[in-house]
Amino acid sequence: MSLPGAGEARRQELAANLAAVQGRIAAACAAVGRVPAEVTLIAITKTWLHSDVRHLVELGVADLGENRDAEATEKAAVAAAAGLGGLRWHFVGQVQTNKARSVAGYADVVHSVDRSRLVRALSVGAVEAGRELGALIQVDLGPPGSAEGRGGATPSGVPALADEIAAADGLRLLGVMAVAPLGRPPAPAFEALAEVASKLREAHPGATWISAGMSGDLEVAVGAGATHVRVGSGLLGNRPVAR
Ligand SMILES: *Cc1c(COP(=O)(O)O)cnc(C)c1O
């Protein structure tokens, strides 16, 4: 149940947050001589309501991200049933191999491809669904063997994984993704990611995406060349349960 007018108040709140995030992206671009059109904002709607998805879409957001299969399945289905068209769903969480088939059924891009088994499972799912799935290799930017990394393939594992994705039916290799390591300044990590991305493009010129930067570090990521930023709390507020 919501109070009369609560929906409109929320819409205005999201509109203001969206304008603020777009302003941050524009300023970060200006600081390094880039143009905002080079950076796509992905709204991470995990834990938030369908009504928020609708508000964001009506405000012009077309790229939405989720990190859990069950929630993403439901959000994508509800949005489709509500007639919200032209959306791109980004899966940004760890994908269990047994969920790959499900994810391949609704996701447009999976940001977290980190191992061969997952490449094969996503390929099977995409072919079965008759869809083409964009794939980003998640790169672990923590010191080797440390607990500071946030998941992903090691930088040295990227070339082989990239070749597997490029050869897999139903998958299109789009680029790389990373989350800045815990407890470290993000700039060196995002610079390292840009290096990995640049080497990747030598072998796979179409793999142009760099998905990096969240609410707290999007300026740093844009400064290091991010093409896609994934913003949750900066748009929607603090999640009731952090994840
Ligand atoms: C939750 C999440 C985000 C968004 O984080 P915020 O700090 O809320 O902007 C981005 N990327 C991934 C992989 C996430 O899980």
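1. The lining of the largest pocket divides by class into six nonpolar, ten polar and eight charged residues. The model is a predicted one, and the pocket described here belongs to that model.

2. In total, 24 residues line this largest pocket. Those that lie nearest its centre are K46, R150, V179, M214 and R243. The volume of the largest pocket is about 560 Å³.

3. The largest pocket is the space taken by the ligand. The residues around the ligand are I44, K46, V92, M177, M214, S215, R230, V231, G232, S233, R239 and R243. K46, M214 and R243 are thus named both around the ligand and among the residues nearest the centre of the pocket.

4. By class, the shell around the ligand consists of five nonpolar, three polar and four charged residues. Among its members are K46, R230, R239 and R243, which count as charged.

5. Polar contacts to the ligand involve side chains as well as backbone. S215 places a polar side-chain atom 2.5 Å from an oxygen atom of the ligand. For R230, a polar side-chain atom lies 2.9 Å from a nitrogen atom of the ligand. In the case of G232, a backbone N or O atom is found 2.8 Å from an oxygen atom of the ligand.

6. How much of the area that the ligand exposes when taken alone does the protein bury? The ligand alone exposes 390 Å², and the protein buries 88% of that.

Methods: Residues are numbered from 1 along each chain as its sequence is written. This is a predicted model: local features need pLDDT of at least 70, side-chain atom pairs count only at pLDDT 80 or more; totals for chains, interfaces and linings use all residues. Side-chain values use heavy atoms; hydrogens and water are left out. A residue is near a molecule or strand if one of its heavy atoms lies within 4 Å of it. A polar contact is a pair of N or O atoms within 3.5 Å; within protein, one must be able to donate a hydrogen and the other to accept it, and residues adjacent in sequence count only if both atoms are side-chain atoms. Accessible areas come from the Shrake-Rupley method with a 1.4 Å probe; for residues, only the protein chains shown count as cover. On a 1 Å grid over the protein atoms alone, a cavity is a set of points where a 1.4 Å probe fits but cannot get out, and a pocket is an open set with protein on both sides within 12 Å along at least five of seven lines; lining residues have an atom within 4 Å of a point. A molecule sits in a cavity or pocket if more than half of its atoms lie within 2 Å of its grid points. Grid points are joined across faces, edges and corners, and a volume is the space filled by probe spheres set on the points.
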